[in-house]
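Trainee: I would like a close look at a single part of this protein. Please take me through one helix and what surrounds it.

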Amino acid sequence: MASSELLEPHSTQKIVLLGASDVGKSSLVLRFVKGKFFDRRENTIGAAFLTKTITLDEFRLKFEIWDTAGQERYHSLAPMYYRDAAGSLVVYDINDKESFEKAKRWLNELYKAGSSNMVIVLVGNKHDLPEREVEEEEGRKFAEEHGLSFFETSAKTSRSEERRVGKECRSRWS
């Protein structure tokens, strides 16, 4: 095998992040892609595009990640980003009950769009903050009832289950 072939991913998958404004979607993506957290970030306008290739047990998986804006005025643009996506992270802030309700609305929108083959992960973010309005069990129960994967994380402290999610992605897309 030529050395250039080693650089090619075995699979390339389009992933979209959806959720209310200020839940930390951009921070999650930047933590995943660049390994960094920025205390101050401007709101995303429209969407941002990033890529990341990971290797799991010699399997290379390239993610093409669309980080969508959470502001209501950009909501109508979201379908063009989640159309043909292999996966979606629907993110909410565990310290903001309204963001959890908005996450449920995003899920309904994905279901109405007929995205039945899409891998959907419900993500509770900002685990590092002390005040909580959505208990972990509530998020987990909702995810189980709807056949979704689920985890809580903190983009700030990097608490996550990225490797587990990566292995799940590999099992579905390899």
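Trainee: Before the helix, one residue: why does Asp96 count as partly exposed? Then please go on to helix α5 (residues 136–145).

Mentor: This is a predicted model. Asp96 counts as partly exposed because its relative accessibility is 31%. Asp96 sits in the loop between β4 (87–93) and α4 (97–112), and together with Asp22, Glu131 and Glu133 it forms a negative surface patch.

Now to helix α5. Its buried residues are Gly139, Phe142 and Ala143. These cover an arc of only 100° around the axis, so they lie on the same side of α5. On the face turned away from that buried side are the exposed residues Glu137, Glu144 and Glu145.

Glu145, with a relative accessible area of 54%, forms a salt bridge with Lys141 at 4.0 Å, N to O. Both residues belong to α5 and are four residues apart, about one turn of the helix. Lys141 is partly exposed, at 47%.

Another salt bridge joins Glu138 to Lys97 (2.3 Å, N to O). Glu138 is in α5 and Lys97 in α4, so this pair ties together parts 41 residues apart in sequence. Glu138 is partly exposed, with a relative accessible area of 28%, and Lys97 is partly exposed with a value of 28%.

The loop between β5 (119–125) and α5 holds Lys126. Lys126 forms a salt bridge with Asp93, the closest N and O atoms being 3.4 Å apart. Asp93, in strand β4, is 33 residues away in the chain. Asp93 is buried, at 8% relative accessible area, whereas Lys126 is partly exposed at 22%.

Note on methods: Residues are numbered from 1 along each chain as its sequence is written. This is a predicted model: local features need pLDDT of at least 70, side-chain atom pairs count only at pLDDT 80 or more; totals for chains, interfaces and linings use all residues. Side-chain values use heavy atoms; hydrogens and water are left out. Patches are made of residues with over 30% relative accessible area and no salt bridge: like charges are joined within 9 Å, nonpolar side chains (Val, Leu, Ile, Met, Phe, Trp, Tyr) within 5 Å. Accessible areas come from the Shrake-Rupley method with a 1.4 Å probe; for residues, only the protein chains shown count as cover. A salt bridge is a side-chain nitrogen of Lys or Arg within 4 Å of a carboxyl oxygen of Asp or Glu. Lys and Arg count as positive and Asp and Glu as negative; His and the chain ends are not counted. The place of a charge is taken as NZ of Lys, CZ of Arg, CG of Asp or CD of Glu. Helices (H or I, at least four residues) and strands (E, at least two) are DSSP runs, numbered from the N terminus. Buried means under 20% relative accessible area, exposed over 50%, partly exposed in between (1.4 Å probe, protein chains only). The arc is that of the directions from the helix axis to the C-beta atoms.
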